[in-house]
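Trainee: Could you walk me through this model and show me how to read its features?

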2 protein chains.
Amino acid sequence: MKKEFDLSLYLVTDRPLAGERDIEWIVEEAVKGGATIVQLREKDCSTSTFVDLARRLKERLINYNIPLIINDRIDIALAVDAEGVHIGQSDMPYDIARQLLGPDKIIGLSVENMEEVEKANLLDVDYIGISPVFSTPTKTDTAQPFGLDGTREAMKISNHRAVAIGGMNQETIEDVMKCGVEGVAVVSAIVAAQSPYNAAIKLKEIITKTRCK
Amino acid sequence: MKKEFDLSLYLVTDRPLAGERDIEWIVEEAVKGGATIVQLREKDCSTSTFVDLARRLKERLINYNIPLIINDRIDIALAVDAEGVHIGQSDMPYDIARQLLGPDKIIGLSVENMEEVEKANLLDVDYIGISPVFSTPTKTDTAQPFGLDGTREAMKISNHRAVAIGGMNQETIEDVMKCGVEGVAVVSAIVAAQSPYNAAIKLKEIITKTRCK
C-alpha cells in the first residue's frame, strides 16, 4: 500500500547552492525545522556518487519518517528503495516509470503549462509540480512562469494534489498557498539559507497559518 | 536463461562522432557488416531521448538477433528490456545492478587496472571490458592504458570473457586479439567511418582470421 505523504514543505536539494556544506546536514536540519518530504536532485554526478548520496539521505530520513523522492533516475530510486521519483516532461515517460516502480511508490510529475496540467489528469500520478510559479535563478531551463493567476487556474483544472515550485520564499508562499496548492517546493530558500533549520521553521509557520485560514 | 552472446565485434555508439548521421543507421550498417553486440552510450541527453533511442535501436537489432547493451543506466535498460548493461567503476555498483536486472541479463564491467581485474574475478559479471588498451581521443577520462603487455597479463589473471577497448582499429586489433581477448570494442573505427558497413566487414575479417590461427 502506498504510504501517506505530506506535500506542505517540500525540499528539493541543489548541490551547487549548498556550497561547502553537506547535503545530508542541510536536509536533516530542514526536516527538523519542518520539511515534510525531500527530493534529491543531482544533475552532474556519477551514478555511484548519486547512489551513495541517496543511500545516506535515506538512512537519515527514515528516522523522521520523511519520504525520499529521487529526481528523474528510476534506477537510483530502485537501488536505494526510495519512496518515489519526481519526473519532468523530458524524463522517463510516466507509464514506464509506474511500471518499473510499481503501484506503491510515489510519482510526481512537473507540469509547465495548462496543456500539461490537463494531460496529467489522465495519469494516476500522485502529485503534480507546478513549475515554475515565478522565474528563478535555480533552474534556467524552465518554461514561462505560471504566476499566481496561472497557478490558481491550474488548480481549478487539475484533479491532482499539487506543489508549487519556482521562486518560493518567505515573501511569496502565502500568496501561492492561497492559490490552492497543497504545499510549496523550496530550493534556495532552505539550501542557501544560513540556517536551513530556521528557514524551514519560518516557511512551515507561514504554510501552516495559511492552510488554517 | 541468459542468452548466448558473441563479443567478437562489439560496437559502442558515440553521438558526437556520428555527426549528422543517425545512430540507428550506423548501428544497422555495422551489424550488417558483422558487429555482434551493440552498446548504446549516451552521456548528455535527457532520459526521454535516451529511452526513445534505445527503443528504436532495440527494434532494429531484434531482427538481427543482436543484443543491445545500455551504458550505465539500469533504468533505460529496464525500460526497453535491453539484453544488458555495461557499467564502469563509477556507475551503479555491480551487486545492485545484478539485483535490479536479474540473473538473465548481461552485465559487463570496465576494468582499468590489474587490481580491478582481480576484483572482477569475485563478481559474476558476464564479461569485462579492458579499458583502455591504447589511449584514445573518444574518452578523455580514462586511466593509464594497459598496452599489449598489460592486456596479455590481464587475460592471464582474469577468469572472465573479455573485450578490449580503446584505440581499436584495422591496424591494432590483430595484435590485441592475440592477447587472448574474445573480441574488441570499437567506437570511432565504425561510428566515424565513411561506410560503417565496410568498416565492420574489414574489422570482422581480421578478428575472424586472428581467432582461427
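Mentor: Happy to. Bear in mind that this is a predicted model. Let's start with a loop: B:Pro132 sits between strand E6 (127-130) and helix H7 (147-157) of chain B.

Trainee: What kind of peptide bond joins B:Ser131 and B:Pro132?

Mentor: First the general idea: most residues other than glycine have a negative phi, and most peptide bonds are trans. Here, B:Ser131 and B:Pro132 are joined by a cis bond, with omega at about -10°. Chain A has a cis bond too, between A:Ser131 and A:Pro132, again with omega of about -10°. A:Pro132 is likewise in a loop, the one between E6 and helix H7 (147-157) of chain A.

Trainee: And phi? Which residue in the loop between helix H3 (47-62) and strand E3 (68-71) of chain A should I look at?

Mentor: Try A:Asn65, which lies in that loop. Its phi is positive, about 55°, although A:Asn65 is not a glycine. With a relative accessibility of 62%, A:Asn65 counts as exposed. Over in chain B, B:Asp81 also has a positive phi, near 55°, and is not a glycine either. You'll find B:Asp81 in the loop between H4 and E4 of chain B. B:Asp81 has a relative accessible area of 45%, so it is partly exposed.

Trainee: Next, the strands. How do I tell whether a strand is covered on one side or on both?

Mentor: In a regular strand the side chains alternate between the two faces of the sheet. So you check each face in turn. Take strand E4 (residues 84-87) of chain B: B:Gly84 and B:His86 are buried on one side, B:Val85 and B:Ile87 are buried on the other, and both faces are covered.

Trainee: Which strands pair with E4(B)?

Mentor: One is strand E3 (residues 68-71) of chain B, which runs parallel to E4(B) and is joined to it by three bridges. In that pairing, B:Ile70 stands opposite B:Val85. To get from E3(B) to E4(B), the chain passes through helix H4 (residues 74-80) of chain B, and this β-α-β crossover is right-handed. Another partner is strand E5 (residues 106-111) of chain B, parallel to E4(B) over four bridges. There, B:Ile87 has B:Leu109 as its bridge partner. The route from E4(B) to E5(B) goes through helix H5 (residues 94-101) of chain B, again as a right-handed β-α-β crossover.

Trainee: Now aromatic rings. How many aromatic pairs does the structure hold?

Mentor: Four, over all chains. A pair of aromatic rings is described by the distance of the centres and the angle of the planes. For A:Tyr10 and A:Tyr127, the ring centres are 5.7 Å apart and the planes are at 65°, so this pair is edge-to-face. The pair links distant parts of the chain, with A:Tyr10 in strand E1 (residues 9-12) of chain A and A:Tyr127 in strand E6 (residues 127-130) of chain A, 117 residues apart. Both A:Tyr10 and A:Tyr127 are buried. Together with A:Phe5, they form one aromatic cluster.

Trainee: What sits over the ring of A:Phe5?

Mentor: The charged end of A:Arg161, 4.2 Å from the ring centre. In chain B, B:Arg161 lies over the face of B:Phe5, at 4.1 Å from the ring centre.

Trainee: How are the two chains related?

Mentor: Two copies of a chain are related by a rotation about an axis and a shift along it. Here a turn of 180° with a shift of 0.0 Å along the axis lays chain A on chain B, with an RMSD of 0.0 Å. That is the relation of a two-fold axis. The same surface serves both copies, as 100% of the contact residues of chain A recur in chain B. In chain A, the residue closest to the rotation axis is A:Asp75, at 2.3 Å (C-alpha).

Trainee: One more: is helix H2 (residues 23-33) of chain A enclosed or open?

Mentor: Largely enclosed by the rest of the structure, because nine of its 11 residues are buried. Among them are A:Ile23, A:Ile26, A:Val27 and A:Ala30, along with A:Glu24, A:Glu28 and A:Glu29. Just after H2(A) comes A:Gly34, with a positive phi of about 130°.

Note on methods: Residues are numbered from 1 along each chain as its sequence is written. Chains are lettered from A and ligands numbered from 1 in the order in which they are written. This is a predicted model: local features need pLDDT of at least 70, side-chain atom pairs count only at pLDDT 80 or more; totals for chains, interfaces and linings use all residues. Side-chain values use heavy atoms; hydrogens and water are left out. Rings of Phe, Tyr and Trp (its six-membered ring) pair if their centres lie within 6.5 Å; planes under 30 degrees apart count as stacked, over 60 as edge-to-face and the rest as tilted. Helices (H or I, at least four residues) and strands (E, at least two) are DSSP runs, numbered from the N terminus. Buried means under 20% relative accessible area, exposed over 50%, partly exposed in between (1.4 Å probe, protein chains only). A charge sits over a ring if NZ of Lys or CZ of Arg is within 6 Å of the ring centre and within 35 degrees of the ring normal. Copies are superposed by least squares on the C-alpha atoms of residues with pLDDT of at least 70 in both. Contact means heavy atoms within 4.5 Å. Two strands pair if DSSP finds at least two bridges between them. A crossover is right-handed if, with the strands pointing away from the viewer, the path from the first strand over the helix to the second runs clockwise.
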